[in-house]
Amino acid sequence: IWEYAELSMLEYKSAAEYCALLKEQGFAVEEGICNVPTAFSGTYGSGKPVIGILGEYDALSGLSQTAGATEHMPLTENGNGQGCGHNLLGAGALGAAIAIKEAIKSGELNGTVIFYGCPGEEGCAGKTFMARDGVFAGLDAAITWHPGDTNEIMYGSSAACLQVEYAFT
């Protein structure tokens with residue numbers, strides 16, 4: 001996912017990689033949900049509780065970087081890169097979904113886990129399309145995370161992505 005570094009709503013390789021791994025892990029995968037080709041879900045288990053795990057995987061333009069380098073060392077000059085860790089966000093979220101699946105499979109837990117592939121978080125607000133189409137309806141809880149420099153639990157709502165188009169004449 002780091003090396004794919006695909007821009008918002010264009011995460012075709014990343015989405016395909018996640019879907020292939022979900023299928024390999026025994027999840028029922030639905031691709032192209034809410035009429036967005038790079039949005040998907042993977043479901044495992046049955047009954048309640050129904051837990052949603054949300055993952056992101058888009059990148060930003062101009063931030064190409066060689067993995068592990070501590071100085072500016074782009075893979076591709078002016079190429080795309082993982083500026084705020086969405087490569088980690090998606091992979092970590094998928095790891096959590098797989099861990100819950102394993103607990104359901106072993107009989108340690110009951111219920112359903114759904115991994116949601118949420119494209120377009122850098123400026124396109126992919127979750128907005130998913131919420132609009134009721135993709136999250138029926139969840140008992142939805143869990144996501146984002147790499148950062150603090151360790152805290154937050155709840156509530158946020159309007160972190162407000163987009164406005166202005167036309168000047």
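This is a short walk through the structure, stop by stop, with something to select at each one. Keep in mind that you're looking at a predicted model.

**Stop 1: the largest nonpolar core**

Start by selecting Phe27, Phe40, Ile53, Val113 and Phe115. These are the residues that touch the most other members of the largest nonpolar core, which has 17 residues. Now colour the pieces that feed into this core: α1 (12-24), β2 (40-46), β3 (50-55), α2 (86-106) and β4 (111-117) each give it at least two residues. Which of them supplies the largest share? That's α2, with 5 residues.

**Stop 2: isoleucine 53**

Stay in the core and centre your view on isoleucine 53. Leaving aside residues up to four places away in sequence, what does isoleucine 53 touch? Show Ala93, Ala96, Ala97 and Ile100, then add Val113, Ile114, Phe115, Tyr116 and Ile143, and you have its contacts.

**Stop 3: another core**

Next, select Val36, Ile114, Tyr116 and Leu139. They're among the 12 residues of another core, which lies apart from the one you've just visited. Two names here should ring a bell: Ile114 and Tyr116 were also on the contact list of isoleucine 53.

**Stop 4: aspartate 140 and lysine 48**

Time for some charged side chains. The model has 6 salt bridges, and we'll visit a few. Begin with aspartate 140 and lysine 48, whose side chains meet with N and O 3.3 Å apart. Trace the chain away from each partner: aspartate 140 sits in the loop between α3 (126-132) and β5 (141-143), and lysine 48 in the loop between β2 and β3, so this pair ties together parts 92 residues apart in sequence. Switch on a surface too. Lysine 48 is exposed, at 55% relative accessible area, while aspartate 140 is partly exposed, at 42%.

**Stop 5: lysine 127 and glutamate 121**

Now select lysine 127 and glutamate 121. They form a salt bridge as well, with their closest N and O atoms 3.4 Å apart. Are these two buried or exposed? Both are buried. Add Glu56 to your selection, and you'll have a network of salt bridges linking Glu56, Glu121 and Lys127.

**Stop 6: arginine 132 and aspartate 133**

For the last stop, pick arginine 132 and aspartate 133. Their side chains meet in a salt bridge, at 2.8 Å from N to O. Turn the surface back on here: arginine 132 counts as exposed, with 55% relative accessibility, and aspartate 133 is partly exposed, with 38%.

Conventions: Residues numbered from 1 in each chain as written. Predicted model: local features only at pLDDT ≥ 70, side-chain atom pairs only at ≥ 80, totals over all residues. Heavy atoms only, no water. Core = buried A, V, L, I, M, F, W, Y, C linked by side-chain atoms within 4.5 Å. Buried < 20%, exposed > 50% of the residue type's maximum accessible area, 1.4 Å probe, protein only. Helix = DSSP H or I, 4+ residues; strand = E, 2+ residues; numbered from the N terminus. Contact = heavy atoms within 4.5 Å. Salt bridge = Lys/Arg side-chain N within 4 Å of Asp/Glu carboxyl O.
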